[in-house]
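Visitor: I have a structure to read and would like to learn how to go through it. Could you take me through some features in turn?

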Amino acid sequence: MSRPDAPDALDPARTALVLVDLMDRIVALPLEPHKGTDVLATAETLADAFRSAGAPVVLVRVERPGVTEQPPGSGLVAGLSRPGDVEVVKRTVGAFQGTGLDDVLRGRGVTTVVFGGIATNLGVESTARAAADLGYDLVFVEDAMTALTRAEHEASVRLDFPRLGTVVRATEVSFARS
């Protein structure tokens, strides 16, 4: 990664990409500062890079607890998931509570988690805070996430995330060569 405050190139054997709530009904919301479709395109490019490097891709989606049927558009966006990806279903704001995500990551030797998804200040931030509490190193891809308002996105990206890890753009994500 090119900025002085960016981490060194990522080790694909110890790094996972976690993409939160890239579901049709969420991607279609009026979002800021990035459109849902732009975030999805950036996330897909990142996911392809992680897969090519042999690093795991974790796709998180939310289900509403206590209902017999989920709202339309509650699956992952068609074509996002590939063989070998991990799908996690959460029933809380964050993706660690009651999902086994920590076990999945630790079982694969992951020590660094790279984040993208919707919404920056909700699902992404809640998941990231839990990851920080569990001792993971964190990288936040600013242009691979968005929120309901610009102010919410900016508060997370400019105030909270730098205290938890490193904020980068998708073009700054790179892998170390083995």
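Visitor: How far should the 14 residues of helix α4 span, and what is the distance between its end C-alpha atoms?

Guide: The model is a predicted one. A helix can be checked by its rise: at 1.5 Å a residue, the 14 residues of α4 (residues 120–133) should span 20 Å. The end C-alpha atoms of α4 are 18 Å apart, which agrees.

Visitor: Where is the kink in α4 centred?

Guide: The kink in α4 is about 25° and is centred on Ser126.

Visitor: Which residues of α4 are buried?

Guide: Start with the general idea. An α-helix has 3.6 residues a turn, so residues three or four places apart point the same way. In α4 the buried residues are Thr120, Gly123, Val124, Glu125, Thr127, Ala128 and Ala131.

Visitor: What covers the buried residues of α4?

Guide: The cover includes the strands β1 (15–20), β3 (86–90), β4 (112–118) and β5 (137–146), together with α5 (150–164).

Visitor: Is Asp133 buried or exposed?

Guide: Asp133 belongs to α4. Asp133 counts as exposed because its relative accessible area is 71%, and exposed means over 50%. The C-alpha atoms of Asp133 and Thr37 are separated by 31 Å, with the two positions 96 residues apart along the chain. Just after α4, Gly135 takes a positive phi of about 95°.

Visitor: Which residues does Asn121 touch?

Guide: Asn121 is in α4. Leaving out residues up to four places away in sequence, Asn121 touches Ala147, Glu152 and Ser156. As for distance, the C-alpha atoms of Asn121 and Pro162 are 13 Å apart, and these residues are 41 apart along the chain.

Visitor: How many residues does α5 have, and where does α5 bend?

Guide: α5 has 15 residues and reaches 20 Å from its first C-alpha to its last, close to the 21 Å expected at 1.5 Å a residue. The bend in α5 is about 30°, at Val157.

Visitor: Which residues are buried in α5, and what covers them?

Guide: His153, Ser156, Val157 and Phe161 are buried in α5. Their cover includes α4, β5 and β6 (166–168).

Visitor: What is the volume of the largest pocket, and which residues are closest to its centre?

Guide: Rolling a probe the size of a water molecule over the atoms shows where empty space is left. Here the largest pocket has a volume of about 240 Å³. It is lined by 15 residues, and the closest to its centre are Asp21, Ile26, Val62, Ile118 and Leu122. Two elements, α1 (24–27) and α4, give two or more residues to the lining. By type, the lining residues of the largest pocket divide into nine nonpolar, two polar and four charged.

Visitor: What phi does Asp21 have, and is Asp21 buried or exposed?

Guide: Asp21 has a positive phi of about 55°, although Asp21 is not a glycine. Asp21 sits in the loop between β1 and α1. Asp21 counts as buried because its relative accessible area is 5%, and buried means under 20%.

Visitor: Where are the cis peptide bonds that join Ile118 to Ala119 and Glu32 to Pro33?

Guide: Omega is the angle to read. For the cis bond joining Ile118 and Ala119, omega is about 0°, and Ala119 is in the loop between β4 and α4. From Glu32 to Pro33 the peptide bond is also cis, with omega near 0°. Pro33 lies in the loop between α1 and α2 (36–53).

Notes:
Residues are numbered from 1 along each chain as its sequence is written. This is a predicted model: local features need pLDDT of at least 70, side-chain atom pairs count only at pLDDT 80 or more; totals for chains, interfaces and linings use all residues. Side-chain values use heavy atoms; hydrogens and water are left out. Helices (H or I, at least four residues) and strands (E, at least two) are DSSP runs, numbered from the N terminus. The expected span of a helix is 1.5 Å times one less than its number of residues. The bend at a residue is the angle between axes fitted to the seven residues ending there and the seven starting there. Buried means under 20% relative accessible area, exposed over 50%, partly exposed in between (1.4 Å probe, protein chains only). Contact means heavy atoms within 4.5 Å. On a 1 Å grid over the protein atoms alone, a cavity is a set of points where a 1.4 Å probe fits but cannot get out, and a pocket is an open set with protein on both sides within 12 Å along at least five of seven lines; lining residues have an atom within 4 Å of a point. Grid points are joined across faces, edges and corners, and a volume is the space filled by probe spheres set on the points. Ala, Val, Leu, Ile, Met, Phe, Trp, Tyr, Cys and Pro count as nonpolar, Asp, Glu, Lys and Arg as charged, and the others, Gly among them, as polar.
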